[in-house]
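Reader: I am a first-year student and would like a close look at a single part of this structure. Could you please take one helix and its surroundings and describe them in a connected way?

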Amino acid sequence: MSAIQLDELSWPAVKAAVAGGRDTVVVAFGATEQHGHHMPLATDALIGDHFARQLAERLEAFYAPTVRVGCSSHHLAFAGTLSIRDETFHAIVTDLVASLAGSGFRRIVLLPTHGGNFAPMAAAVEGLPGDERSLVVALTDVGALLQIAQAGADEHGVPLNEGGLHAGEWETSMLLAIRPDLVDMNSADAGYTGDPAEALQGLFTAGVDSLTDVGAIGDPARATAEHGRRYWEIALRIATETVEAG
């Protein structure tokens, strides 16, 4: 069996597949926000599309449409960014989980693909009714992203400050691996390249524009599709292990 795109089926087909035992569904939560001079606003949503589909392949599951707007207030100084409040995000998670549980799904995998969605996701899951919360597996450890950055340093010699936290080497590489047509490496300017830990401390309070007027936290110059394919292997391994651990 392979992954099934939920919204391409009729409702009787979904009902029959769930009744037949295909009762896992993956939902990615991306964003529409700036990603430096070289990547589109849809970067996190595009990564969510690919991630959900590939994870569903491994789990022999459904994948639902990606939620394409997230908690991005720290990017609002940059044109085109869309953002919702944490409370709105909580409500979306709550309503989608209720919808999927009502359709009979017994395992609902929630997959944030934007750093600003991790903490709101954890809070939203904590607030779910017990019977629905028991169906949910949510990836809420933002430290998983650091494993990808560390692989860039260990395997490709990319310093952690260039790998960055946003639109740096590793995120650019991941998009190059799946949508190279949307990455303009001629415009891949470095943004903030100081200590990533210090950036993380002030990122969500003072905003990305307090660190850089480019919008990137990192330097995408060394990004390649080959690196990206390796980072995707790591991301999918982490996600699969998390889901299987329950």
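Author: The following account begins with helix α3 and then turns to the strands and aromatic rings around this part.

The model is a predicted one, in which local features need pLDDT of at least 70 and side-chain atom pairs count only at pLDDT 80 or more, whereas totals for chains, interfaces and linings use all residues. Residues are numbered from 1 along each chain as its sequence is written, and side-chain values use heavy atoms, with hydrogens and water left out.

Helices (H or I, at least four residues) and strands (E, at least two) are DSSP runs, numbered from the N terminus. Helix α3 consists of 17 residues. From its first C-alpha to its last, α3 reaches 24 Å, close to the 24 Å expected at 1.5 Å a residue; the expected span is 1.5 Å times one less than the number of residues.

A residue is called buried under 20% relative accessible area, exposed over 50%, and partly exposed in between (1.4 Å probe, protein chains only). In α3 the buried residues are Phe89, Val93, Val97, Leu100 and Ala101. Viewed down the helix axis, these buried residues fall within an arc of 100°, so they line one face of α3; the arc is that of the directions from the helix axis to the C-beta atoms. In general, an α-helix has 3.6 residues a turn, so residues three or four places apart point the same way. On the face of α3 turned away from the buried side are the exposed residues Glu87, Asp95 and Gly102. Just after α3, Gly104 takes a positive phi of about 100°.

What do the buried residues of α3 pack against? Their partners are β2 (24–29), β4, α4 (118–126), α5 (130–133) and β5 (136–138), where contact means heavy atoms within 4.5 Å.

Of these partners, β2 has six of its six residues buried, so this strand is largely enclosed by the rest of the structure. Both faces of β2 are covered, with Thr24, Val26 and Ala28 buried on one side and Val25, Val27 and Phe29 buried on the other. Two strands pair if DSSP finds at least two bridges between them. Strands β2 and β4 pair in the parallel sense over six bridges, and Thr24 stands opposite Arg107 in β4. Strand β2 also pairs with β3 in the parallel sense, over two bridges, and the bridge partner of Val26 in β3 is Tyr63. The chain passes from β2 through α2 to β3 in a right-handed β-α-β crossover; right-handed means that, with the strands pointing away from the viewer, the path from the first strand over the helix to the second runs clockwise.

In the loop between α2 and β3 lies Glu60, which has a positive phi of about 55° although it is not a glycine. Glu60 is partly exposed, with a relative accessible area of 37%.

The aromatic rings remain to be described. Rings of Phe, Tyr and Trp (its six-membered ring) pair if their centres lie within 6.5 Å; planes under 30 degrees apart count as stacked, over 60 as edge-to-face and the rest as tilted. By this rule there are three aromatic pairs. The rings of Phe51 and Trp232 have centres 5.6 Å apart and planes at 85°, so this pair is edge-to-face. Phe51 belongs to helix α2 (residues 43–59) and Trp232 to helix α10 (residues 225–245), so the pair ties together parts 181 residues apart in sequence. Both Phe51 and Trp232 are buried. Phe62 and Phe105 also form an edge-to-face pair, at 5.4 Å centre to centre and 85° between the planes. Phe62 lies in strand β3 (residues 62–63) and Phe105 in the loop between α3 (86–102) and β4 (107–112), so this pair ties together parts 43 residues apart in sequence. Phe62 is buried, with a relative accessible area of 0%, and Phe105 is buried at 1%.
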